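Visitor: I should like to look closely at a single part of this model. Please keep to one region first, and then show how its surroundings are arranged.

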Amino acid sequence: MPRSISAPSLKALINDGGELALLDAREQGGFGRAHLFFSSCLPLSHLELRIRDLVPRRGTRIVLTDAGEGLADRAADRLEGFGYSDVAVLEGGVQGWSDAGYELFSGVSVPSKAFGEFVEHIDGTPDITAEELCAKRAASEDVIVLDSRPLDEYLHMTVPGAINVPGAELAYRARTLVPNPATQVIVNCAGRTRSIIGAQSLINAGLPNPVRALRNGTMGWRLAGLELERGATRLAPEPGAGEAERARAMADDVAARFGVSRIGLDTLEEWRREADSRTLYLLDVRHPEEYAGGHLRGSRHAPGGQLVQSTDSYMATRGARVVLIDDTAVRATMTASWLSQMGWRDTVVLRDGLGSGDLVAGAHSPEIPGLDEIEAAEISPAGLKRALDAGDAAVVDLSDSHAYKAGHVPGAWYSTRARLPDTLPKVRATSLLVLASEDGTLARLAAPEAEAATDTPVKVLTGGTLAWRDLGYPLTGGFENMAQEPDDHYPSAYDRDTDVERAMRDYLAWETGLVAQVERDGDARFDIVRPGPA
């Protein structure tokens, strides 16, 4: 049995200044309904896939939570098997925390979203309503709208005419987009946080233009009865030499006024040698294609705007060292200025990190503990097709529910990995059970658990659903065979088919209410710096 910890003892750990990773072992749906403020969602189903990125140091103090259903205990046993040496489980889970008189939070990315509300409150970030923006456009005023979200969100829908400039790119690219200092700059996102942080970033950087956040983002636009644009492809251009130099000067000024430190490769190497005693996150904040084209060995991709927007999804160990990287230090400096105010005190920027020559290309490939030790029988897509045609196989798909809904092997059942022993009895009995997932990795991890839960031979679909699709075999969309109700996503207002506008209003009210709730909780250590003269 893993060691347990009481709610008061955990409260003391959170506030003692030492490193601590607080992990919730439930799927995101349960996590989103009620969790501790600083906890990161790391479902038992995906533990191996994300643990080395979220908690890289095996000696880190880790406390696991759940809703009392035993997921935290199972996760603790697994982590100890992977070499994590200081693991405990919260007594009574989230209910035990609440019973002790402490605060529980709903939603996701709560620390970041609460931080955005505090920034607006303390810095007085100016905003503009959708109706006011429309009136300015109707009057032919010189106004530009910059959408601060990642490209995929922008492509899905945006304010008509907006240009995509993801968060950390704003200070880097704004001068190129708005050479006239009289142009009014409006920053939007889907809701509030990235609009506020994006607008305040430009203000902090000393952009001479009038800058405002679009109040409530695209939600506010829709609630005003206005149409959103879909499929827009307006992207911010690369800065010219003059604009890039001005952006670097702006970043230097931000570093000086907001206390952002920069280190060299010699210091980084020293910190790498100390990584067994002090957690080190090495994060590249550039565009995805820039990272893939060449990044410092050992770094992960974490686009700056999203890193500020959902910090808990990238880093779980509070009190860690954080080193941010880009090619000009502009995007890294702007990101660091926010993380340090959010409470990540030891955040620095790597000076000329991409000039070291120690670069590798391609996507990040996380270490997956235990994967290589699993000996799982496999079946090719062609072999599965023959078995299905003969009625000799049943398929269980362990993919993300959104991916399952978008397309799965015809007839496949949906289940999460953590619930697999409970859901297998619902699957039609055949002579072969095949596990599938998007690329096959999650299915391989689950194979020993399935074998322990059934007498039916178990095989893993080689290459997963992607390999099945790439061979031209058909996929079925929708939720057809549900061994359990999906709970792996906390639904956003945009995920709903009905009452969307009511859900938007509820979300916006929740977000603005975070300030009072965080103050009641008392654990946040936000240190927001009011911008002085640039």
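Visitor: In which sense do strand 16 (residues 321-325) and strand 17 pair, and over how many bridges?

Guide: The two strands pair in the parallel sense, over 3 bridges. The model is predicted, so local features need pLDDT of at least 70 and side-chain atom pairs pLDDT 80 or more, while totals for chains, interfaces and linings use all residues. Residues are numbered from 1 along each chain as its sequence is written, and side-chain values use heavy atoms, without hydrogens or water. Helices (H or I, at least four residues) and strands (E, at least two) are DSSP runs numbered from the N terminus; strands pair if DSSP finds at least two bridges between them.

Within the pairing of these two strands, L324 stands opposite V349 in strand 17. From strand 16 the chain crosses through helix 16 (residues 330-342) before entering strand 17. On the way, V330, R331 and M334 of helix 16 meet A171, Y172 and R173 of helix 9.

Strand 17 (residues 347-350) also pairs with strand 11, again in the parallel sense and over 3 bridges. There I263 is the residue opposite L350 of strand 17. Both faces of strand 17 are covered: T347 and V349 on one side, and V348 and L350 on the other, are all buried (under 20% relative accessible area; over 50% is exposed and in between is partly exposed, with a 1.4 Å probe and protein chains only).

These strands belong to an open sheet of 5 strands in the order 11-17-16-12-14, with parallel pairing. Its edges are strand 11 (261-263) and strand 14, each of which pairs on one side only.

L324 deserves a second look. Beyond its neighbours within four places in sequence, L324 is in contact (heavy atoms within 4.5 Å) with T347, V348, V349 and L350 of the chain, and also with L283, V285, L307, A332, T335, A336 and L339. L324 is, moreover, one of the residues with the most contacts inside the largest nonpolar core, which has 51 residues; L10, F37, L307, M315 and F526 are the others named. Such a core is a set of buried Ala, Val, Leu, Ile, Met, Phe, Trp, Tyr and Cys residues joined through side-chain atoms within 4.5 Å. Apart from this core lies another, of 22 residues, including L23, A25, L54 and A72.

L54 leads to helix 3, where L47, E48, I51, R52, D53 and L54 are buried. As 6 of the 8 residues of helix 3 (residues 47-54) are buried, the helix is largely enclosed by the rest of the structure. The cover over these buried residues includes strand 12 (280-284) and strand 14 (300-301), together with strand 2 (20-24), strand 15 (317-318), helix 4 (71-81) and helix 20 (441-453).

A further open sheet of 5 strands, with parallel pairing, has the order 19-23-22-20-21. Strand 19 (378-379) and strand 21 (413-414) stand at its edges with a single partner strand each, so one side of each has no neighbour in the sheet. Strand 21 pairs with strand 20 (residues 394-397) in the parallel sense over 2 bridges, and V396 stands opposite W413 there.

Finally, S401 lies in helix 18 (residues 401-406). S401 counts as buried because its relative accessibility is 3%. Leaving out residues up to four places away in sequence, S401 touches Y414, F479, P486, D488 and H489.

Technical notes. Right-handed = clockwise from strand over helix to strand, strands pointing away.
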